[in-house]
Amino acid sequence: MMVPMPAPIYAAAAIRKLEALAASDGGSPALMERAGAAAAEFARALCGDKAKAILIVAGPGNNGGDALEAAVHLKRWFFRVAVVFRGRREALPPDAKAALAKWEAAGGTLQEDIPKDSRFDLVIDGLFGIGLKRALAGAYAAQVETLNALGVPILALDIPSGIDADTGAVMGCAVRADHTITFIAHKPGLLTLDGPDHAGDIRLDALGLDAARLLQAEGSMLDADILSRALAPRPRNFHKGQAGSVGILGGAAGMVGAALIAGRAALKSGSGRVYLGLLTPRPPCVDYAQPELMLRAPSALLGKGMVDVLLAGPGMGKSASAAKALRASLALPVAILLDADALNLIAAQPRTAASVAKRKAPTIMTPHPAEAARLLGKTTSQVQADRVDSARAIAKRFRCLVLLKGNGSVIAEPRGKFWINTSGNPGMSSAGMGDALGGMIAALCAQGADPLQSLLAGTYLHGAAADALLAAGTGPLGITASEMLDSARALLNRGVSAQKRNPIFSP
């Protein structure tokens, strides 16, 4: 069975290289013409068959040229098209200047400002694309604010105007689109930070290019196919020892619940055995809601051969005993996942941080932005200003795999390759979600999945479980980490069964 390859992601500079490579191939029609035709087709589909009024805002660069090309097609199809262009036509790039000439040759006119008394059924945002490098201000910022206030569906071309194509940051202000048609390949800024909130539904049109063939991508987009690649189907002759053992180190006084959630997540994600090493001075003897979990003293958990994978951090606290247990865990020759207070202890203790980078066994770090900031010695806003770069920096510094959590979570490995996750919803903004995620990743790794595959699949699974709850009418308000576990289990089994062998007996 052919396994689909993940969709590649390219930063703006790489997109420019792809455009240059495509131009050197001498393909016809030109990329701008293809982009304009694709945008017009999508706009027509959004409007339906009846001729309707469309407002097109064209900017002073190639994004404006794409918009003008779309305007020509839509006018030819008898849509009522109004084009707003604020700029100097003599300063337009050559292809955009040619598109403007086509528009005027077709009988089109230009307006300087958005009409106040007209009503439109669709707005096409072609103001600024991936080339924007400074915050919008003045007349252009005013146009963006006017577009957002129209109450009309907006289709953005390539990326919503005002969104940084590489980081997803809002540059002063940005168009809030209902749909975005992006060209050639996905850009990081569409998928992380503020990008998803401004892009709406995203459609990719490759414009006939095979980007991955022309230029190797540094990034990829996670999708549901990752679940079918994480684990092989279990044979019938199988026992719990083959499903691996996960250890959870954490659960200090007042935070035992974090370790319990992580342990339950590991169990329901397929781990054969799950041990909890609780740091609280008065640990429970049993988890009555999940009695399959085995509760131990932290020292017993760190014994030789006890676990295949260790998750350190859920509810760990920052006490001297927690720091001592963390240092001992880092010396274990097993894969380790570091989260929550384990990360805070590492950030605060240079010697412990150095031991992480020296580990021979696989290491995974899963910080949220504030924890990432502590690890890098930066502010949270600096981390969020370039999430891909921040994740890469942590991966390189600590020689580990990294998941930077947030809207469009970023996964990075030490050589610079990155992935962006597209699953999940705002309902996941609740206590215990990170603990559940850590348990899922650890369980996949304990069952034999490669650490990177475990991180990728666990990240996608975590968000997809929340999406499944939302689709079933639960959330986004009030989704809890505990209720996601059954949803995740069902999705994981569905993914594994997609590659299941034929049964022994056939009817």
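**Parallel sheet, buried loop serine and main pocket**

In this predicted model, strand E5 (residues 122-126) pairs with E6 in the parallel sense, over 3 bridges. Within this pair, Ile-124 stands opposite Leu-155 in E6. Such pairing in a sheet is made through backbone hydrogen bonds, and it may be parallel or antiparallel.

E5 and E6 belong to an open sheet of 7 strands. The strand order is E4-E3-E2-E5-E6-E7-E8, and the pairing is parallel. Strand E4 (110-111) and E8 stand at the edges. Each has a single partner strand, so one side of each is left without a neighbour in the sheet.

Two helices lie across strands of this sheet. Helix H2 (residues 31-47) lies across strand E2 (53-58), E5, E6, E7 and E8. H2 runs at about 160° to E7. Helix H3 (residues 62-76) lies across E2, strand E3 (80-85), E5, E6 and E7. The angle of H3 to E2 is about 155°.

The loop between strand E6 (154-157) and strand E7 (179-183) holds Ser-161. Ser-161 is buried because its relative accessible area is 0%, and buried means under 20%. Beyond residues up to four places away in sequence, Ser-161 touches Asp-125, Leu-127, Phe-128 and Leu-136. Its contacts also include Cys-173, Ala-174 and Val-175.

A further parallel pair is formed by strand E10 (residues 245-250) and E11, joined by 6 bridges. Ser-245 stands opposite Arg-273 in E11. In strand E11 (residues 273-278), 5 of the 6 residues are buried, so the strand is largely enclosed by the rest of the structure.

The largest pocket holds about 1000 Å³ of space. It is lined by 40 residues, of which Gly-406, Asn-407, Ser-409, Asn-425 and Met-428 are the closest to its centre. The lining comprises 13 nonpolar, 20 polar and 7 charged residues. Several helices and one strand each supply at least two lining residues: helix H6 (188-191), helix H7 (195-199), strand E8 (201-205), helix H10 (256-268), helix H13 (341-348), helix H18 (433-446) and helix H19 (451-471). H18 gives the most, with 4 residues. E8 thus has two roles in this description: it stands at an edge of the open sheet, and it supplies at least two residues of the pocket lining.

How values were computed. Residues numbered from 1 in each chain as written. Predicted model: local features only at pLDDT ≥ 70, side-chain atom pairs only at ≥ 80, totals over all residues. Heavy atoms only, no water. 1 Å grid on protein atoms, 1.4 Å probe; cavity = no way out; pocket = protein on both sides within 12 Å on 5 of 7 lines; lining within 4 Å. Points joined across faces, edges and corners; volume = space filled by probe spheres on them. Nonpolar A, V, L, I, M, F, W, Y, C, P; charged D, E, K, R; others polar. Buried < 20%, exposed > 50% of the residue type's maximum accessible area, 1.4 Å probe, protein only. Contact = heavy atoms within 4.5 Å. Pairing = 2+ DSSP bridges. Axes fitted to C-alpha atoms, helices over the stretch in contact; angles between N-to-C directions.
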